[in-house]
Amino acid sequence: MVRLTLHIAAPLAALLHTAAGRTGPAEAATWFATVTGHDGFTVTDEAVADVLASQPSLATVLTDNDQQRYAGVLTAPPTEVRLLVPAQRVNHSVGAGYGAVLGELQFQTAMGTDPSHERLCGLEAHALFAWASHRGDINMRHQFAHFGVQWLSVLLNFGQRRGEQGEWTAAVDAANWLTGVVGQLLPYAMIDRKVRDNVTAALDWQRSVYAAVGDTAAVRGVEEAAAVVASFDHGPPGR
């Protein structure tokens, strides 16, 4: 099993490390690729060019969109090999705040000429929100009516774009994450009309995605949640 995992992962790791300019890790990954069955494996210049063109770094996206002031906080030179996952970009205590920053940038780049910028900002924003939530950040516990709606918007925007491109696996993944976010927003949706409207929009999209992929059980679950939210209109007046 370990050998099979390395056989699958090593070539990709070698490509990504090479594209990022990390010579040492790239050489190690190339060696693993060779010894696990990819005889004569090498990373081609064409493959590197494709990665650089289709998967821009966050630093590139921030710079290209006049947000350089965040690059020093959220990014590091790839050769330092110290930011391996988005959760390492900032301390979880400020993760929600920077998730909101990247979420706003996601919307700003939605009409841009390079869809990879919007996609990356959405993924990075979601990762920071999820990290802050997982760690029980005070902002996510006591200001979820604010940050939760921003997280929901990031997931909804990302999922809609993926669905439009026919990338249904990614769209369904976004829909699944929305279930948890919507669940946490329900108490706020009961008393706040704006939160309720956002939750309703998310549920409508969820229903359409699950219907598109034929997941009838998930459709029923969304319809039940939507009925609960609709009942709030007959409860305490929204603000």
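This briefing walks through the fold, the confidence, the ring pairs and a handful of individual residues.

What you have here is a predicted model. The protein chain has 12 helices and 0 strands, and its mean pLDDT is 88. Buried residues account for 38% of the 239 residues. There are 5 aromatic pairs to look at, and some of the residues below sit far apart in sequence but come together in the model, such as W151 and W177, 26 residues apart.

**Confidence**

- In the protein chain, 91% of residues reach a pLDDT of 70 or more.
- Helix α11 (residues 193–212) has the highest confidence, with a mean of 97.
- At the other end of the scale sits helix α1 (residues 2–20), where confidence is lowest, at a mean of 75.
- Where pLDDT is low, the predicted coordinates shouldn't be read in detail.

**Overall fold and surface**

- Going along the sequence, the pattern is simply α-α-α-α-α-α-α-α-α-α-α-α.
- Along the principal axes, the C-alpha atoms fill a box of roughly 70 × 40 × 35 Å.
- Take the contacts between residues at least 6 apart in sequence: 65% of them join residues at least 24 apart.
- About 12700 Å² of the protein chain is exposed, and carbon and sulfur atoms supply 58% of that area.
- On the charge side, the chain carries 16 positive and 23 negative charges, and the mean positions of these two sets are 9 Å apart.

**Aromatic pairs**

- The structure holds 5 aromatic pairs. One of them is W31 with F32: the ring centres are 5.1 Å apart and the planes are at 70°, so this pair is edge-to-face.
- W31 is exposed, at a relative accessible area of 52%, while F32 counts as partly exposed at 33%.
- W151 and W177 make a tilted pair, because their planes are at 45°, with the ring centres 6.2 Å apart.
- That pair links distant parts of the chain: W151 belongs to helix α9 (residues 144–164) and W177 to helix α10 (residues 168–191).
- How buried or exposed are the two partners? W151 counts as buried at 3% relative accessibility, whereas W177 is partly exposed at 36%.
- Ring pairs also tie F129, F144, W151 and W177 together into a cluster.

**H126, beside the two tryptophans**

- H126 sits in helix α7 (residues 115–134).
- Which residues does H126 touch, not counting residues up to four places away in sequence? They are W151, V154, L155 and W177.
- So both rings of the tilted pair, W151 and W177, belong to residues that H126 touches.
- H126 counts as buried because its relative accessibility is 15%, under the 20% cut-off.
- From H126 to L102 is 24 residues in sequence and 8.8 Å in space, C-alpha to C-alpha.

**D66 and A71, around helix α5**

- D66 lies in the loop between α4 (58–64) and α5 (71–74).
- Its backbone is worth a look: phi of D66 is near 60°, a positive value in a residue other than glycine.
- D66 counts as exposed, with 58% relative accessibility.
- A71, in helix α5, is buried instead, with a relative accessible area of 15%.
- A71 and V61 are 10 residues apart in sequence, and their C-alpha atoms are 9.3 Å apart in space.

**R141, in helix α8**

- R141 is placed in helix α8 (residues 138–142).
- This arginine, R141, is partly exposed, at a relative accessible area of 48%.
- Leaving aside residues up to four places away in sequence, R141 touches G136 and Y188.
- The C-alpha atoms of R141 and Q184 are separated by 9.7 Å, with their positions 43 residues apart along the chain.

**A217, in helix α12**

- A217 is found in helix α12 (residues 216–231) and counts as partly exposed at 44% relative accessibility.
- How far apart are the C-alpha atoms of A217 and T18? They are separated by 44 Å, and the two residues are 199 apart along the chain.

How values were computed: Residues are numbered from 1 along each chain as its sequence is written. This is a predicted model: local features need pLDDT of at least 70, side-chain atom pairs count only at pLDDT 80 or more; totals for chains, interfaces and linings use all residues. Side-chain values use heavy atoms; hydrogens and water are left out. pLDDT is the predictor's confidence in each residue, from 0 to 100. Helices (H or I, at least four residues) and strands (E, at least two) are DSSP runs, numbered from the N terminus. Buried means under 20% relative accessible area, exposed over 50%, partly exposed in between (1.4 Å probe, protein chains only). Contact means heavy atoms within 4.5 Å. Accessible areas come from the Shrake-Rupley method with a 1.4 Å probe; for residues, only the protein chains shown count as cover. Lys and Arg count as positive and Asp and Glu as negative; His and the chain ends are not counted. The place of a charge is taken as NZ of Lys, CZ of Arg, CG of Asp or CD of Glu. Rings of Phe, Tyr and Trp (its six-membered ring) pair if their centres lie within 6.5 Å; planes under 30 degrees apart count as stacked, over 60 as edge-to-face and the rest as tilted.
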